[in-house]
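Reader: I would like to go through the ligand site of this model. Could we take it step by step?

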Amino acid sequence: MTPDEILRALYDETLVGNGPRVLELTHEALGMEMEPQSLLFDALIPSLEEVGARFERGDFFVPEMLIAGKAMAGAMEVLRPLLADTGVETIGKFLMGTVKGDVHDIGKNLVNIMLEGAGFEVIDLGVQVAPEKFVSAIEEHQPDIVGMSAFLTTTMPMFKANINALEKAGLRNDVIVMVGGAPVTQEYADAVGADGYAADASATVKRAKDLLHQRRSPVPA
Ligand code: B12
């Protein structure tokens with residue numbers, strides 16, 4: 001197969017949730033020295049976008065979304081070490097979780113991989129993370145940045161609930177809060193009082209580094 005044929009097949013097989021074939025194609029692509037980033041951005045992510053579009057049109061239902069998500073997650077496990085292993089020094093601690101009520105974790109996991117690749121130590125609290133859990137994990141791990149992921153318009157309000165919980169626990173000024181996820185916008189992030197927002201994993205890395213830099217070397221008054 002040519003690289004273009006592999007990308008096309010990865011897209012198609014992810015779309016129909018054929019996990020074993022997606023894994024095979026991923027290994028085949030890496031064997032041909034194709035870039036892991038290309039597999040992600042030229043096949044796997046566009047395929048999940050199409051899954052979402054079909055779900056919205058009523059052509060796909062939850063089971064189709066689920067198997068497509070699983071197929072992508074399988075490929076990501078193979079790609080993870082290649083994307084994250086850059087041997088760079090630790091530049092900061094990032095605590096990450098998907099908010100309460102929300103089980104979407106593929107976007108969050110991708111952000112984690114990129115952050116690790118950029119030198120962040122990432123502590124992943126998983127999905128359905130309640131405000132109390134964010135609070136206790138901040139107390140335990142003392143991260144520089146807390147990331148909250150939400151993929152549903154109905155769970156986005158948890159950002160505000162989490163931030164309120166941090167305020168109540170007296171922790172709000174100790175951490176930088178970043179929010180993200182498919183339906184989240186910069187306006188929404190501003191409205192809930194987050195310090196940062198980013199639309200994708202590479203923008204998250206850049207924004208996280210900028211925010212950390214600002215925090216560590218504040219502009220003199
Ligand atoms: C796969 C999937 C599922 C899987 C999730 C599997 C998993 N382990 O994650 C399953 C089947 C479980 C699922 C369930 C549901 N889903 Co769903 N799902 C999707 C789908 C198709 C893909 C999501 C995804 O992983 N995308 C791939 C990643 C890479 O997305 P990404 O946005 O590019 O990620 C980047 C950014 O968001 C950002 N980012 C992410 N997190 C963070 C965090 C921080 C801090 C920062 C800075 C940045 C950041 O960086 C990421 C990487 O570049 C989307 C469609 C879509 N277009 O999003 C629907 C979608 C999100 N789901 C939707 C719905 C409605 C549901 C259900 C309610 C369906 C139902 N009736 O049960 C349930 C809810 C379950 C729950 N309580 O959470 C809707 C949400 C609509 C809305 N606006 O609220 C969508 C948009 C589909 C649609 N078009 O209607 N879903």
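Author: What follows is a short exchange on the ligand and its surroundings in this predicted model.

Reader: Where does the ligand sit?
Author: The ligand occupies the largest pocket. Elements giving two or more residues to its shell are α3 (36–57), α4 (62–84), α5 (106–117), β3 (145–149), β4 (176–180) and α9 (201–216).

Reader: Why does the ligand lie between domain 1 and domain 2?
Author: Residues of the shell come from both domain 1 (3–84) and domain 2 (92–216), so the ligand lies between them.

Reader: Turning to the metal, which protein donor does the cobalt atom have?
Author: The cobalt atom of the ligand has a single donor from the protein, NE2 of H104, 2.3 Å away.

Reader: And where is H104 found?
Author: H104 belongs to the loop between β1 (92–98) and α5.

Reader: Which residues come nearest to the ligand?
Author: Of the 35 residues around the ligand, the nearest are E56, V103, H104, D105 and S149.

Reader: What about polar contacts from side chains?
Author: A side-chain N or O atom of D105 is 2.7 Å from a nitrogen atom of the ligand. For the side chain of S149, the distance from such an atom to a ligand nitrogen is 2.8 Å. The side chain of D102 has an N or O atom 3.5 Å from an oxygen atom of the ligand.

Reader: Finally, how many residues of the shell are nonpolar, polar and charged?
Author: The shell around the ligand has 20 nonpolar, ten polar and five charged residues.

Notes: Residues numbered from 1 in each chain as written. Predicted model: local features only at pLDDT ≥ 70, side-chain atom pairs only at ≥ 80, totals over all residues. Heavy atoms only, no water. Near = heavy atom within 4 Å. Polar contact = N/O pair within 3.5 Å; in protein donor to acceptor, adjacent residues only side chain to side chain. 1 Å grid on protein atoms, 1.4 Å probe; cavity = no way out; pocket = protein on both sides within 12 Å on 5 of 7 lines; lining within 4 Å. Sits in = over half its atoms within 2 Å of the grid points. Helix = DSSP H or I, 4+ residues; strand = E, 2+ residues; numbered from the N terminus. Nonpolar A, V, L, I, M, F, W, Y, C, P; charged D, E, K, R; others polar. Domains from an automatic or database assignment. Donors = N, O, S within 2.8 Å, 3.2 Å for Na, K, Ca; no water.
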